Amino acid sequence: MKRLNNELGTGLFAVGKKIVIAKDGKIQLPMSLEKEQEVIFVSTEGGYRLIPLLPDVKRIYIEVTTECNFSCITCIRSSWQDKLLHMDWETFENIIKNLKELPNLKSVHFGGFGEPMTHPRIFDMLGAVKNLGLKVEMITNGSFLQKENIQKLIDLELDVLFTSLDSPDEDEYNEIRQGADFQSVTQNVVNLQAAKQERKTKKPELGIEFVAMKKNYANLPKLIRLACDLKASQIIISNLLPYHESMKDEIVYDIDDTGRMFGKESLRTTIFAQMSNMKLRTERSCKFVKDKSLSINYQGNISPCYALMHTYQCYIYGRKKQMYPCYLGNVNEKSLLDIWMDSGYVNFRRVVDENLFPSCTDCKSQDGCNYTESNEMDCWGNSPSCAECLWSRRIIACP
């Protein structure tokens, strides 16, 4: 699915096309444009605007596999229609070639909706990106952090390793993360930190990600203490986005989060954890657009963000919603630079950054509105629609 309905307005130039404006031309260039520059010409409520096409992508998320050795009911894989496959090496090689052409690229995160360490060539992949001089991160469920793999990660000088820990309680953790073993995973993390100390290195820095829901939320302070004991440098508290009907009543982002949520533990929680909002707020801000990032799935398809990488179902405040992917191109067919600077994609980022889309989640006309049934289009004509994105509300978070 690739449908970017953007208001590329009419004017003196071919609408929605790339145009070249010279410094001595009839139209005065923005001060930021010091030389000949490709731009798009758009119509807005306030008049016409020139938006420069810049190769300024700074962060890329790569999903190297959709396979995982766990079967968590909280995972998107419980409702999607995608195949469980590893990324082909040829596709990854094309990604590496493209990364070299991005002058502002700073970091690459290996994650997505599979376990990266199930890929048979994950260490080759990490090494290839590190050799480009970029910051490299990875998220894992922790089950593959055996001593040999820990040494490889240290040798590669991986910058950050995020580990998912959805509970500090063994029985609760094992119930949430089906197929996992709490004792094994936590011991693996302990071994990682011990190996770093023995090798006298701080890399990879340890990050802990926790997904809050009714069954584990009360244990959040205990989880933060555990993360501190493990000497984690980052703790990210996200919220559950239910992908399965059985989980739709597990959400906790309908509480008052303005006070001291955990009594005497409140200060520790505030200081050490990056807390997501626990209640719907007016403010909207897309992390993916703000960070100038894009996502690449296991097939090499380029999407604006995690939420638009796959076909799946989710539940927004109990309402079932069908999600379709937005593919802007494929790295095997087109360069990342050309995809990033495509006029439709540039204007899509502008629309999202300026919040030029409705807020279905708290709309008074929500009941009976067909637009809320999927992300295909919203009532303002945007396609795909970001009108119910909980990432933009800082309710759902990712590294």
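Among contacts in the chain between residues at least 6 apart in sequence, 70% join residues at least 24 apart, where contact means heavy atoms within 4.5 Å. Keep in mind that this is a predicted model, in which local features need pLDDT of at least 70, side-chain atom pairs count only at pLDDT 80 or more, and totals for chains, interfaces and linings use all residues. Residues are numbered from 1 along each chain as its sequence is written, and side-chain values use heavy atoms, with hydrogens and water left out.

**Exercise 1. Work out what the chain is built from: how many helices and strands are there, and what share of the residues is buried?**

Start with the elements: the chain has ten helices and 15 strands. These are DSSP runs numbered from the N terminus, with helices being H or I of at least four residues and strands E of at least two.

Next comes burial. Of the 399 residues, 55% are buried, meaning under 20% relative accessible area, with exposed over 50% and partly exposed in between (1.4 Å probe, protein chains only).

Finish with the surface: about 18400 Å² is accessible, and carbon and sulfur atoms own 47% of that. The areas come from the Shrake-Rupley method with a 1.4 Å probe; for residues, only the protein chains shown count as cover.

**Exercise 2. Describe how α1 and α2 pack: at what angle do their axes cross, and which residues meet?**

Two packed helices are described by the angle between their axes and the distance between the axes. Here the axes of α1 and α2 come within 10 Å and cross at roughly 10 degrees. So α1 is roughly parallel to α2. Axes are lines fitted to C-alpha atoms, for helices over the stretch in contact, with angles from 0 to 180 degrees between N-to-C directions. Angles under 35 degrees count as roughly parallel, over 145 as roughly antiparallel, 65 to 115 as roughly perpendicular and the rest as oblique.

Now list the partners. From α1, Trp89, Phe92, Ile96 and Leu99 meet Asp124, Met125, Ala128 and Val129 of α2. By class, that contact has seven nonpolar, no polar and one charged residues. The classes: Ala, Val, Leu, Ile, Met, Phe, Trp, Tyr, Cys and Pro are nonpolar, Asp, Glu, Lys and Arg charged, and the others, Gly among them, polar.

Last, look around α1 (residues 89-99), whose buried residues include Phe92, Ile95 and Ile96. The buried residues of α1 pack against β4, β5, α2, β11 and α9.

**Exercise 3. Do likewise for α2 and α3: which residues meet?**

Geometry goes first: α2 (residues 122-130) and α3 (residues 147-156) pack at about 10 degrees, with axes 10 Å apart. They are therefore roughly parallel.

On the α2 side you'll find Phe123, Leu126, Gly127 and Lys130, and they meet Asn149, Lys152, Leu153 and Leu156 in α3. The contact residues split into four nonpolar, two polar and two charged.

**Exercise 4. Place Asn188 and Asn297: which residues does each contact?**

Asn188 sits in helix α5 (residues 182-199) and is buried at 9% relative accessible area. Beyond four places in sequence, Asn188 contacts Gly142, Ser143, Leu145 and Ile150. Its side chain reaches the backbone oxygen of Gly142 at 2.8 Å.

Asn297 lies in the loop between β11 and β12, buried at 0%. Beyond four places in sequence, Asn297 contacts Glu63, Met87, Met309, His310 and Tyr327. With Tyr327, there is a side-chain polar contact of 3.4 Å (a pair of N or O atoms within 3.5 Å; within protein, one must be able to donate a hydrogen and the other to accept it, and residues adjacent in sequence count only if both atoms are side-chain atoms).
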